[in-house]
Amino acid sequence: MLNSTSQIRNYSSQIVNQQVASAQMDTTTNTENKLSSQLKTVGNSSIDLLAVKEKENDLFEVIKSNEYLLIIANTSQSTEQADRFYRAGLAVGIVNDFSTTDKEVQIDHAKIKTNNICGAFPVENSSIENQSDDQKAAIKYRGIGFVKSLLSVAPSTPLDSTVYAQALNIGSVAKNRGATDSTMVKHFSTMWNMRDGLHQKQPHHLQQQ
């Protein structure tokens with residue numbers, strides 16, 4: 001009888017654990033679906049998530065092959081894509097919330113772009129260690145939105161990998177609870193703006209390549 005009671009308790013515990021895991025999976029799926037739908041409001045709506053992931057992979061491959069860019073990125077070569085998007089998303093939020101005593105034209109211009117991304121994926125202020133799964137997912141999608149915004153302006157420019165490495169740097173420092181480097185924020189904003197401006201200056205036939 002004792003063995004039978006023990007088995008029933010074990011089975012009951014297993015069932016409860018399975019139900020909890022299933023509920024958590026459903027919640028995660030619902031969150032991802034909602035965020036994926038919101039992604040359409042950022043940049044060119046015809047660019048899908050797969051194209052964004054492929055672009056990000058290409059960017060990180062360039063960074064991994066360049067020792068200088070890898071140092072800037074401050075990100076391990078083995079870092080998974082979801083984590084890289086999360087770091088880029090942290091950078092987007094930092095630029096969006098960045099305040100200066102003097103007017104910074106480059107940062108102010110970058111904020112126009114970050115405001116669009118952060119508006120699509122709002123996140124309540126929270127310290128890194130206290131972020132909920134939903135907050136982390138929204139920040140990850142800010143990073144996805146950032147890469148999509150690059151694609152929306154131009155498929156590729158010579159500055160792409162540098163801009164992305166700088167975003168990863170800012171996000172990596174934040175993830176490790178480091179202080180925000182205002183100089184890096186300014187450099188990142190400037191390079192991002194220059195990157196987007198390059199497309200407008202290129203001859204039309206080169207923009208199509």
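## Overall architecture

Helices here are DSSP runs of H or I with at least four residues, and strands are runs of E with at least two, numbered from the N terminus. On that basis the protein, seen here as a predicted model, has nine helices and zero strands, and its elements follow the pattern α-α-α-α-α-α-α-α-α along the sequence.

Of the 209 residues in the protein, 43% are buried. When contacts between residues at least 6 apart in sequence are considered, 78% of them join residues that are at least 24 apart.

## The packing of α4 and α6

Helix α4, which covers residues 81–97, packs with helix α6, residues 133–153, at an angle of about 85°, and the two axes are 6 Å apart. Angles of 65 to 115 degrees count as roughly perpendicular, and α4 and α6 are therefore placed in that class relative to each other.

On the α4 side, the residues that meet α6 are A82, F85, Y86, A88, G89, L90, V92 and G93, while α6 contributes K136, I139, K140, R142, G143, I144, F146 and V147. Sorted by class, this contact of α4 with α6 consists of ten nonpolar, three polar and three charged residues.

## Helix α5 and residue T114

Helix α5 comprises 16 residues, 105–120, and spans 24 Å from its first C-alpha to its last, a value close to the 22 Å expected at 1.5 Å a residue. The helix α5 nevertheless bends by about 30°, at I112. Its buried residues are I107, A110, K113, T114, I117, C118 and A120. As a general point, an α-helix has 3.6 residues a turn, so residues three or four places apart point the same way.

T114 lies in helix α5 and, because its relative accessibility is 0%, counts as buried. Leaving aside residues up to four places away in sequence, T114 touches V92, V95, N96 and W192. One of these, V92, also appears among the α4 residues that meet α6.

## L70 in helix α3

L70 is found in helix α3, which runs over residues 67–73. With a relative accessibility of 18%, under the 20% limit for burial, L70 is therefore counted as buried.

The contacts of L70, again without residues up to four places away in sequence, are with I63, K64, T75 and Q77. L70 can also be related to a position much further along the chain: its C-alpha atom is separated by 9.7 Å from that of L168, although the two residues are 98 residues apart along the chain.

Notes:
Residues numbered from 1 in each chain as written. Predicted model: local features only at pLDDT ≥ 70, side-chain atom pairs only at ≥ 80, totals over all residues. Heavy atoms only, no water. Axes fitted to C-alpha atoms, helices over the stretch in contact; angles between N-to-C directions. Parallel < 35°, antiparallel > 145°, perpendicular 65-115°, else oblique. Contact = heavy atoms within 4.5 Å. Nonpolar A, V, L, I, M, F, W, Y, C, P; charged D, E, K, R; others polar. Expected span 1.5 Å × (residues − 1). Bend = angle between axes of the 7 residues up to and from the residue. Buried < 20%, exposed > 50% of the residue type's maximum accessible area, 1.4 Å probe, protein only.
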